[in-house]
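Notebook open, structure loaded. I'm jotting down what I look up as I go.

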Amino acid sequence: MTIPRLVLLDRDGVINHDRPDSVKSPDEFVMVDGAAAAIARLNRAGVKTAIVTNQANIGRGIIDQAMLDSIHDKLFAALRLHNAAIDAVFVAPDRPEGASIRRKPGAGMLWEAMTQFDVPPDATEMIGDAETDRLAAVAAGVAFHLVRSGKGRETEAALPSDAVVRIHDDLGQAVSFILGGG
Ligand SMILES: [Mg+2]
């Protein structure tokens, strides 16, 4: 296995702590320990990074785009402290009911990211904590890494027996594995 050219990251439960009612303000946005440093390591290795995140609270009218932007401003500020940056952010605002293929487990956002960076699925890997992340990766033909943060332990316990995944404690461990080329 070689080092991928693009790593797709779920946001809630991977980069920041998830909440049962999801993150609705910058105050509710709390980074996972080691996440910013892990993204900095991907940056230094020349790996492109993109967030692919479902945010149904936008479709439900619970938060608006301006609030999402302020939440992401807090994320970008936390990353800057570690000389880290995310190259692109893809958001699916769809509600689960009648969602488009952009909402995970659909592969739409993953395709958009691979198109933007002109990287094929076999040079792309995804890191997430939910079964919907895994299914989106499978649909896009992208290798999947499950982290045990967020919903990860629950997801691990319910994995189908034929699921092909690497499991790591958190984003830092997943990135170490990916950059180790193992
Ligand atoms: Mg998640």
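I began with strand β4 (residues 124–128), which pairs with β5 in the parallel sense over 4 bridges. I checked one of the pairings: the bridge partner of G128 in β5 is L146. Note to self before going further: this is a predicted model.

Next I followed β5 (residues 143–147) to its pairing with β6, which is also parallel and runs over 3 bridges. Here I looked up V147, and its bridge partner in β6 is H168. I then asked how enclosed β5 is: 4 of its 5 residues are buried, so the strand is largely enclosed by the rest of the structure.

Then I wanted the whole sheet. It is an open one of 6 strands, in the order β3-β2-β1-β4-β5-β6, with parallel pairing. Which strands stand at the edges? They are β3 (88–92) and β6 (166–168); each has a single partner strand, so one side of each has no neighbour in the sheet. I also noted the twist: neighbouring strands of this sheet are turned by 25 degrees against each other on average, ignoring direction.

I stayed with the β3 edge for a moment. β2 and β3 run parallel and are joined by 5 bridges, and T53 has V91 as its bridge partner in β3. β3 lacks a neighbour on one side in the sheet, yet the strand is mostly covered, with 4 of its 5 residues buried.

Helix α1 (residues 35–44) came next. I listed its buried residues: A35, A36, A38, I39, A40 and L42. What do they pack against? I found β1 (6–9), β2, α3 (65–80) and α7 (171–180), so far as the buried residues of α1 go. A reminder for reading that list: an α-helix has 3.6 residues a turn, so residues three or four places apart point the same way. After α1 comes G46, and I noted that its phi is positive, near 80 degrees.

I went back to the loop between β1 and α1 to look at E28. Buried or exposed? E28 has a relative accessibility of 18% and counts as buried, because the cut-off is under 20%. Leaving out residues up to four places away in sequence, E28 touches R19, S22 and V23.

S22 turned up again when I looked at N57, which sits in helix α2 (residues 56–59). With the same sequence neighbours left out, the contacts of N57 are D21, S22, K24, I62 and I63. N57 is buried, at 6% relative accessible area. I also checked N57 against N43, 14 residues apart along the chain: their C-alpha atoms are separated by 30 Å.

Last, the largest pocket. I get a volume of about 390 Å³. The lining has 20 residues, and D12, D18, N54, R103 and K151 lie nearest the centre. Which elements supply at least two lining residues each? My list has β2 (48–54), α2 and α5 (131–140). By class, I noted 10 charged, 6 polar and 4 nonpolar residues in the lining.

Methods: Residues are numbered from 1 along each chain as its sequence is written. This is a predicted model: local features need pLDDT of at least 70, side-chain atom pairs count only at pLDDT 80 or more; totals for chains, interfaces and linings use all residues. Side-chain values use heavy atoms; hydrogens and water are left out. Buried means under 20% relative accessible area, exposed over 50%, partly exposed in between (1.4 Å probe, protein chains only). Contact means heavy atoms within 4.5 Å. On a 1 Å grid over the protein atoms alone, a cavity is a set of points where a 1.4 Å probe fits but cannot get out, and a pocket is an open set with protein on both sides within 12 Å along at least five of seven lines; lining residues have an atom within 4 Å of a point. Grid points are joined across faces, edges and corners, and a volume is the space filled by probe spheres set on the points. Ala, Val, Leu, Ile, Met, Phe, Trp, Tyr, Cys and Pro count as nonpolar, Asp, Glu, Lys and Arg as charged, and the others, Gly among them, as polar. Two strands pair if DSSP finds at least two bridges between them. Axes are lines fitted to C-alpha atoms, for helices over the stretch in contact, and angles run from 0 to 180 degrees between N-to-C directions.
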